[in-house]
Amino acid sequence: MDGIISRIKNGTCEVLGLGISNLPLCRFLSERGARITGRDMKPEEEIVGVDELRKLGVKLVTGEGYMENLGGDAPENAVIFRAPGIRPDIAPIAEAVAKGAILTSEMELFFELTKAQIIGITGSDGKTTTTTLIGKLLEKEFENTNRRVYVGGNIGTPLLPLVEKMTENDTAVVELSSFQLMTMKKSPHRAVITNITPNHLNWHTDMNEYERSKENICRYEPCALAVLNAENERTAKLSEKLNISVSRFSSKREAADAYIKDGAIFAYGERVVDIADIVIPGMHNVENYMAAILATRGLASDESVRAVATTFTGVEHRCEFVREIGGVRFYNSSIDSTPTRTAAALSNFKKKPIVIIGGQDKSTDAAPLAKTLSDHAKAVVLTGSSVAREKVKSALSGTGLPVTEKPDFTEAVLTAAKIAEAGDTVILSPAFTSFDAFRNFEERGKKFKEIINSL
């Protein structure tokens with residue numbers, strides 16, 4: 001680590017991808033005397049915070065040739081910070097590393113620098129809610145103490161700018177994506193994998209690479225505990241390969257460390273919280289609670305679990321009630337970027353809702369999504385990229401489910417509202433990523449709420 005810090009102060013820092021997380025990174029590096037080159041395929045006028053980057057003295061290389069001469073004239077003194085969405089094995093990066101450049105990321109640097117205990121959470125579905133829950137449990141437990149909780153990573157506030165405030169008494173609760181984990185060689189102290197199902201296969205070379213990336217969360221030091229889903233085939237197999245403590249949760253069997261019995265969650269044989277007391281609905285959220293309980297064992301009491309269960313109403317953009325208009329209830333679940341997450345969302349409703357589906361395709365199979373929609377949706381409004389729309393439309397062919405196609409997102413939302421009658425529910429549960437038209441799922445969800453609130 002001393003070598004990287006020395007390079008930051010005396011060499012060149014190449015920041016690839018000038019998005020939300022890397023603007024604070026540029027500030028952090030600038031404050032430590034780094035010479036920074038910021039690179040992005042977007043033109044300068046489309047980069048968020050470009051005026052601040054110029055004030056920080058960041059040299060900008062943008063547009064089609066933004067990767068040219070990566071590492072500069074002395075790559076052996078360069079540190080390359082990769083944004084999560086940029087593959088680490090593309091030719092310009094590989095060539096610079098071969099010449100001596102160090103490849104890292106904002107998150108990897110945070111892991112190296114922080115003194116706080118880290119609890120890391122990943123998974124194809126449920127990681128945001130589980131991350132938030134763990135943060136809430138610890139915040140409740142640490143009330144009126146000098147211990148602090150920081151929640152971030154793939155959600156919320158960038159953590160690197162806060163690293164110097166953190167002490168050994170603090171805990172960082174970090175959501176980690178497969179993109180972030182792919183190159184990490186250090187793991188959190190405690191790790192959670194909610195599940196592993198096919199996802200992001202338009203970016204990862206195959207399912208094996210995606211799975212290996214997820215497993216990095218518990219593969220390295222100082223990880224001493226892995227919390228895994230006993231009902232997920234891939235995480236169940238992983239538990240057999242690890243040489244660290246493993247805690248398993250199950251919503252179907254009592255032969256696990258956390259399980260359901262007599263209408264309650266039990267952990268290590270002790271009744272922790274009644275399911276009826278959990279405010280957020282759905283069995284998937286019961287599983288999220290089980291994961292959070294195991295991840296915070298010895299850190300958060302059962303009393304803190306019960307206090308959070310009765311007050312925590314859920315994460316923004318996940319089955320979030322927006323408004324009722326003329327007897328029609330509107331829900332924002334923009335975070336649902338996979339078919340399995342959409343299936344979980346729709347399971348919350350007794351009456352079949354009208355579902356807005358679509359976004360950027362991730363090379364996932366549409367058959368399970370079509371089955372979910374056929375069984376649980378009243379009607380579907382397709383939006384987003386043509387690839388995603390055609391895939392879903394083809395899979396739904398012959399089901400008899402009413403399908404309306406509106407590529408424009410605003411038109412899709414307005415169409416769903418027009419189709420709905422009193423007593424209906426409309427939900428945005430896209431099953432695909434937001435990158436066809438939005439920077440992230442939060443932006444998509446906020447747009448949905450803005451449209452609904454304007455009606």
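1. Let us start with a pair of helices. Helix 13 and helix 14 lie oblique to each other, because the angle between them is about 60 degrees. Their axes are 9 Å apart, and helix 13 passes helix 14 in a right-handed crossing. Helix 13, residues 367-376, brings Leu369, Ala370 and Leu373 to the contact, while helix 14, residues 386-396, supplies Val392, Ala395 and Leu396. Please keep in mind, here and below, that this is a predicted model.

2. A second pair of helices is worth a look further along the chain. Helix 15 (residues 409-419) and helix 16 (residues 441-453) have axes that come within 10 Å and cross at roughly 50 degrees. That angle makes helix 15 oblique to helix 16, and the crossing is right-handed. On the helix 15 side you will find Phe409, Thr410, Val413 and Leu414. They meet Arg444, Lys447, Phe448, Ile451 and Ile452 of helix 16.

3. Which residues does alanine 431 touch, beyond those up to four places away in sequence? They are Asp336, Ser337, Thr338, Pro339, Thr342, Ile357 and Leu369. Leu369 has appeared already, as one of the helix 13 residues in contact with helix 14. Alanine 431 itself belongs to the loop between strand 20 (425-428) and helix 16. With a relative accessible area of 1%, alanine 431 is buried. Its C-alpha atom is separated by 9.1 Å from that of aspartate 361, and the two residues are 70 residues apart along the chain.

4. Now for the aromatic rings. How many aromatic pairs does a search of the whole structure find? The count is five. One of them joins tyrosine 259 and phenylalanine 266, whose rings are stacked, at 5.6 Å centre to centre and with 10 degrees between the planes. Is tyrosine 259 buried or exposed? Tyrosine 259 counts as buried because its relative accessibility is 9%, below the 20% limit. Phenylalanine 266 is buried as well, with a relative accessible area of 9%. The ring of phenylalanine 266 has another partner too: the charged end of lysine 261 sits over this ring, 5.8 Å from its centre.

5. Another aromatic pair is made by tyrosine 331 and phenylalanine 349, and here the arrangement is edge-to-face. The ring centres are 5.1 Å apart, and the planes make an angle of 75 degrees. Tyrosine 331 lies in strand 16 (residues 328-332), whereas phenylalanine 349 is in the loop between helix 12 (339-346) and strand 17 (354-359), so the pair ties together parts that are 18 residues apart in sequence. Tyrosine 331 is buried at 13% relative accessibility, and phenylalanine 349 is buried at 18%. Together with Phe321, these two residues form one aromatic cluster.

6. A charge also sits over a ring at arginine 32. The charged end of arginine 32 is placed over the ring of phenylalanine 28, at 3.6 Å from the ring centre.

7. Finally, have a look at alanine 96, which has its place in helix 4 (residues 91-98). Alanine 96 is buried, with a relative accessible area of 3%. Leaving aside neighbours within four places in sequence, alanine 96 is in contact with Leu70, Pro75, Ile80 and Ala101. What separates the C-alpha atoms of alanine 96 and threonine 340? The separation is 39 Å, for residues that are 244 residues apart along the chain.

Methods: Residues numbered from 1 in each chain as written. Predicted model: local features only at pLDDT ≥ 70, side-chain atom pairs only at ≥ 80, totals over all residues. Heavy atoms only, no water. Phe/Tyr/Trp six-rings, centres within 6.5 Å; stacked < 30°, edge-to-face > 60°. Buried < 20%, exposed > 50% of the residue type's maximum accessible area, 1.4 Å probe, protein only. Helix = DSSP H or I, 4+ residues; strand = E, 2+ residues; numbered from the N terminus. Lys NZ or Arg CZ within 6 Å of the ring centre and 35° of its normal. Axes fitted to C-alpha atoms, helices over the stretch in contact; angles between N-to-C directions. Parallel < 35°, antiparallel > 145°, perpendicular 65-115°, else oblique. Left-handed = near helix turned anticlockwise from the far one by under 90°. Contact = heavy atoms within 4.5 Å.
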